Amino acid sequence: MRTGIATVCLSGTLKEKMQACAIAGFDGIEIFEPDLVTSPLTPEDVRKMAADLGLTLDLYQPFRDFDSVSDDLLAANLRRAEAKFKLMARLGMDTILLCSNVATASIDSDDLRVEQLGQLAALAGDHGVRVAYEALAWGKYVSDYEHAHKLVEAVDHPNLGTCLDSFHILSRNWDTAPIEAFNPDKIFFVQVADAPKLSMDVLSWSRHYRVFPGEGQFELAKFMGHVVRAGYSGPVSLEIFNDVFRQSDVERTAVDAMRSLIWLEEQSAKWLDAASDAGTGTGAAGTQAPGRRRYPMELATLPQVAEPAGYNFAEVRAADTQGLETVLGQLGFEFNGRHRTKDVQLWSMGHARVIINEAAPADGDGAAGDASPAIAALGFDVASPVIAAARAQQLRAPAVPRKSQANEEVFQGFAAPDSTEIFLCQGTSDGTAAWTGEFGEGLENPTAGPTAVIDHVNLAQPWQHFDEAVLFYTSALALEPQPFAEVPSPTGLVRSQVMATGDRAVRLVLNLAPLNQQRKTYQEHIAFAVDDLVATARDCRARGLEFLQIPANYYVDLDARFGLAPDFLATLQELNLLYDRDADGEFLHFYTATVGSVFFEMVERRGAYDGYGAPNAPVRHAVQYDHLQHR
């Protein structure tokens, strides 16, 4: 699949955008006209630079408000078009995007549109230019891609075709199956964009909330499947209007964009296989093809991996580890010794393992050199670490290998968008980990005492990389995004996105930190699940644990909402426990005080409760905020 991206997707100058696209591995780019107009580069400079970078110049865009106009305006539009065609010759480009008219259209007549588009096609032919006509979702008279295609067919000129843009099609809930019946020679260009499902006018939705494939809720694999079965083999290009992306680091955004197309290519191949197995679709020839078949567009796939089987460990980094050691000991974790060659400690409770890394974080790793405790890495149990790591690397995840000496476990690792290091560990059926033998006397089996596992980890995400993180964990670790929630806090609404495996063995919660708080200063936590939270809390209190102090008003409200037994309610209040209940079960939990930017949570899930105590989150945020203000 030939990959492309419109320069409008990125921040920076045209030169910076082109360089970032080349570094990310794109085949070609669309030149967004304002980027050229504001650039000091001449068209010849741009042409040469693209050639030097190995980029093709695939589309010049946009040409607006041409059709459905009076004769005098048509003459002006043709003059304007000819000037653009001459400019494209200097750029070495042969395809221009023509949007359906939204501003100056005054005559609603398909016959007139066919006549006027025919004149444009003839002029384009004289200059060796192809015109890709696109139906904007808010077009005055042409807003449906099938309508635009019928006009193109009626003109029947080799220099006029259609552009299919997933946003304009899927935002209007148009059926994409008719694409398969299109003549592939008349599909001149394909643009893709994802978006969250929002209730707002389509123009504002398009201009501000598009995201890269895999970061929204559109059925893009299905859309692409129909495009492929139509026989299209040209570029698949990203056209994303997004306020955040245009403020973010250009090279990071370009890599995120490339990752999204790699993911989309794989998902489209899977959709085609599933559709073939189901015997659906018509294909380019208009007849159903049995079994797997080949299409002009070749779709690559990635190394296939199963979702993680569970957490292997969580790592917290701190220059001063005393506070972390104290809290873990009070929670009931056992100190298992120091690593024989690295400055790290191992603490465990059952199958829950926490590594304390005594190395201060380096500048540029997302912590700005801050030495206070922060979550630094997560280890996941996977069936094949090498294959899973190969998949992540093909998705442009930067590798973060760790030095290992003889007879030490070699972890496959890569960095997540927020700088958290992700390590892939060889899972075992009994939940043990071979690498624990590198600490102290070694651990042949989980420690005795309370049964515990890592229930979930909550990571704060920088505002400019939140969507990137969702795609990253979806594509690289096969975690599925769950419906997101917004939780009020004293510093603003906190957007919370749960990523999880199907069996919930891995639950990763991504929180969008408020703008006034940066990554690694916004509080994050690791949650451990135990069988009896009340007994665990009593033991922790006996060991001197400092609980997050829950206000009495919470328990008054809790009683009003659930009508709990007085003795049980009193126990909850005595131990600073929080409670939630739904139709499937109950949830008990408590929080520790914060050390650096990290705190811990202990939870007990009763029945089939699958949430995280969301109604209690505002209480936690308020108490933590008050504590920060007065410490």
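Asn-576 is a buried residue in this predicted model, and its relative accessible area comes out at just 10%. That puts Asn-576 in the buried class, because the cut-off for that label is under 20%. The backbone here is worth a look too: phi of Asn-576 is positive, about 60 degrees, even though the residue is not a glycine. As for where this happens, Asn-576 sits in the loop that runs between α16 (566-574) and β22 (578-582).

Arg-396 also has a positive phi without being a glycine, with a value near 70 degrees. This residue belongs to a loop as well, the one between α12 (385-394) and β14 (412-415). Its surroundings leave Arg-396 partly exposed, at 32% relative accessibility; the label applies because 32% falls between the 20% and 50% cut-offs. For context, most residues other than glycine have a negative phi, and most peptide bonds are trans.

On the peptide-bond side, there is a cis case to report. The bond from Gln-61 to Pro-62 is cis, and its omega is near 0 degrees. Pro-62 itself is found in strand β3, which covers residues 56-63.

Now for the pockets. The largest pocket takes up a volume of about 1,100 Å³, and 44 residues line it. Nearest to the centre of that pocket are Pro-196, Glu-215, Phe-466, Asp-467 and Arg-495. Sorted by residue class, the lining holds 21 nonpolar, 13 polar and 10 charged residues.

Several secondary-structure elements chip in to that lining. At least two residues each come from α8 (202-209), α10 (250-278), α13 (466-477), β17 (480-481) and β19 (492-500). Helix α13 supplies the largest share of the lining, namely five residues.

Helix α8, one of the elements that contribute to the pocket lining, also holds Tyr-209. At the surface, Tyr-209 joins Leu-198 and Met-200 in a nonpolar patch. Together, the three residues of this patch have about 240 Å² of accessible area. Taken alone, Tyr-209 has a relative accessibility of 38% and so counts as partly exposed. That value also fits the patch, because patch residues need over 30% relative accessible area.

How values were computed. Residues numbered from 1 in each chain as written. Predicted model: local features only at pLDDT ≥ 70, side-chain atom pairs only at ≥ 80, totals over all residues. Heavy atoms only, no water. 1 Å grid on protein atoms, 1.4 Å probe; cavity = no way out; pocket = protein on both sides within 12 Å on 5 of 7 lines; lining within 4 Å. Points joined across faces, edges and corners; volume = space filled by probe spheres on them. Helix = DSSP H or I, 4+ residues; strand = E, 2+ residues; numbered from the N terminus. Nonpolar A, V, L, I, M, F, W, Y, C, P; charged D, E, K, R; others polar. Buried < 20%, exposed > 50% of the residue type's maximum accessible area, 1.4 Å probe, protein only. Patch = residues over 30% accessible without salt bridge, like charges linked within 9 Å, V, L, I, M, F, W, Y side chains within 5 Å. Areas by Shrake-Rupley, 256 points an atom, 1.4 Å probe, with all protein chains shown as cover. Salt bridge = Lys/Arg side-chain N within 4 Å of Asp/Glu carboxyl O.
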